[in-house]
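Reader: Please give a close reading of one part of this chain, beginning with a single residue and its surroundings, and then set that part against the neighbouring sheets and the chain as a whole.

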Amino acid sequence: AAFGEVVKTVCIVDNTTAGKGEKEDETYKYLRKEIYKFASEKLVVKTPVTWVLFRKVLQVLVRESKKNVVTLEYACAVGAASKINPEDVPIALMFYHELGVVLFYPHIEGLRDKVILSPKWFVDCLGKVLALHESEDCENLQLWKLLREKGILVQPLYVAAWKNCESVEPEEIMKLLVNFHLAAEVKTNEYHDSSAKQFFLPAVLPTFTDDYFSVPSGYLLRATSLHITFATGYVTPGFFIRLVTIMAGSPECQLFYHKTIPIFHNRITFQFGDPPVDRVIVTEMPPAIQVDVLRYVATGTIPMQTLCHNLKEFLEIYCQKVEECLQSITNSHFGIDDKATHVSKIQREFKFLCCNPKCKSSSEPHYVVPSPKGQTCDLPFFCDASTVYRQPTHEEACWFPKEIKETQQPHITISGTSSQMPVLQ
């Protein structure tokens, strides 16, 4: 009965019969009816007739005049011919932008005065650089290698690749990618010309498939892994790429490149700290984003607890920027706000792996949790897989300087003897 309740809205069809008249699976009729009902009731937005005429004229321009890009001034002239007030033309363009008919970015410098009439053409332009297949450009092989292996797109390469994009300048395309946190301007020693711009594009890198929990050996200190978990049970699509892109472009982080440590689109190594010598490895795992902090240098660095505390605060800022970006992309402004099309606030949480070797549940990854405030027990932590309270390990304590300080008891004297709670060094 329980299984029947779960699958009652699931349609199992024979997809080999679609469109074959009487032989077609009857379930297709039901599916078509439900899809039509959803589209007609949930996705209908009242549109002025003048806007419809405006769209048809734009489509003719693409088909007959082979125009892929026009100026906003030209679009306003078309709008005037379609009986649309000049101040309403940008609103109509944003409406059709959300429907995917045109591309219009009034908030991006360089593109605010242009309307891209053919989204497919623009995607093809982006694909000249972002495509995962090997480029046929023999003149810039080393620059393509730098992009594919280290994610660094240098100015000479993207200028050459996008020089023939009709009316859209290469720098304007880069501003678009930066705006949506798909690229970040960085400074590295990977390219000989320091005057040329460099951008980090993690999406073009290969995939990491080894052990997610493995890290380079030789470290002196290591904090337990921080996991960014999501209420959905999986990493929100597009979240990881934007997170590491924002980190790469922030002044607190530097991309770490080493000949023995390859870089992947789902596993990026940064240097963090003051000075930035400690390593932070950010990995996208199937259910969460893992952050590992390692120290390889003993001198000239801040305490490990201070480092982790600072990183945790910056990670929260970075995550908020990602959420704002994703919500601005997906949420409609024209009344199409049904749950099917509206993205609510992303629910996520920072959790910290339990690394206590005595934990009975150590065979399965689980998390260490601070004791509730007001707890009378002197032991400040417990595992979420058990109810046993304990002191944190050295690796776990790196993330909780405030909680540990609050649980340290003052020196007291009882019957001529002194007693003090052990303080973790």
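Author:
**Thr283 and its surroundings**

Thr283 belongs to strand E11, which spans residues 278-284; helices (H or I, at least four residues) and strands (E, at least two) are DSSP runs, numbered from the N terminus. The model is predicted: local features need pLDDT of at least 70 and side-chain atom pairs count only at pLDDT 80 or more, while totals for chains, interfaces and linings use all residues. Residues are numbered from 1 along each chain as its sequence is written, and side-chain values use heavy atoms, with hydrogens and water left out.

The relative accessible area of Thr283 is 0%, so the residue is buried (under 20% relative accessible area; exposed is over 50% and partly exposed in between, with a 1.4 Å probe and protein chains only). Its side chain makes a polar contact of 2.9 Å with the side chain of Arg267. A polar contact is a pair of N or O atoms within 3.5 Å; within protein, one must be able to donate a hydrogen and the other to accept it, and residues adjacent in sequence count only if both atoms are side-chain atoms. Neighbours within four places in sequence aside, Thr283 is in contact (heavy atoms within 4.5 Å) with Tyr212, Phe240, Asn266, Arg267, Ala288, Ile289 and Gln290.

Phe240, one of these partners, falls within the residue range of helix H10, 239-249. The sheet that concerns this helix is open and has three strands in the order E4-E6-E5, with antiparallel pairing; two strands pair if DSSP finds at least two bridges between them. Strands E4 (152-154) and E5 (184-186) are the edges, each pairing on one side only. From one strand to the next the twist averages 40 degrees. Three bridges join E5 to E6 (residues 198-200), and Val186 has Gln198 as its bridge partner in E6. Helix H10 packs on this sheet, touching E5 and E6, and its direction makes about 35 degrees with that of E5. Axes are lines fitted to C-alpha atoms, for helices over the stretch in contact, and angles run from 0 to 180 degrees between N-to-C directions.

Elsewhere, strand E14 (residues 367-370) is joined by two bridges to the antiparallel strand E13 (residues 348-353), and by three bridges to the antiparallel strand E15 (residues 381-383). Val368 in E14 stands opposite Phe352 and has Cys383 as its bridge partner in E15.

For the chain as a whole, there are 13 helices and 18 strands, and buried residues make up 40% of the 425 residues.
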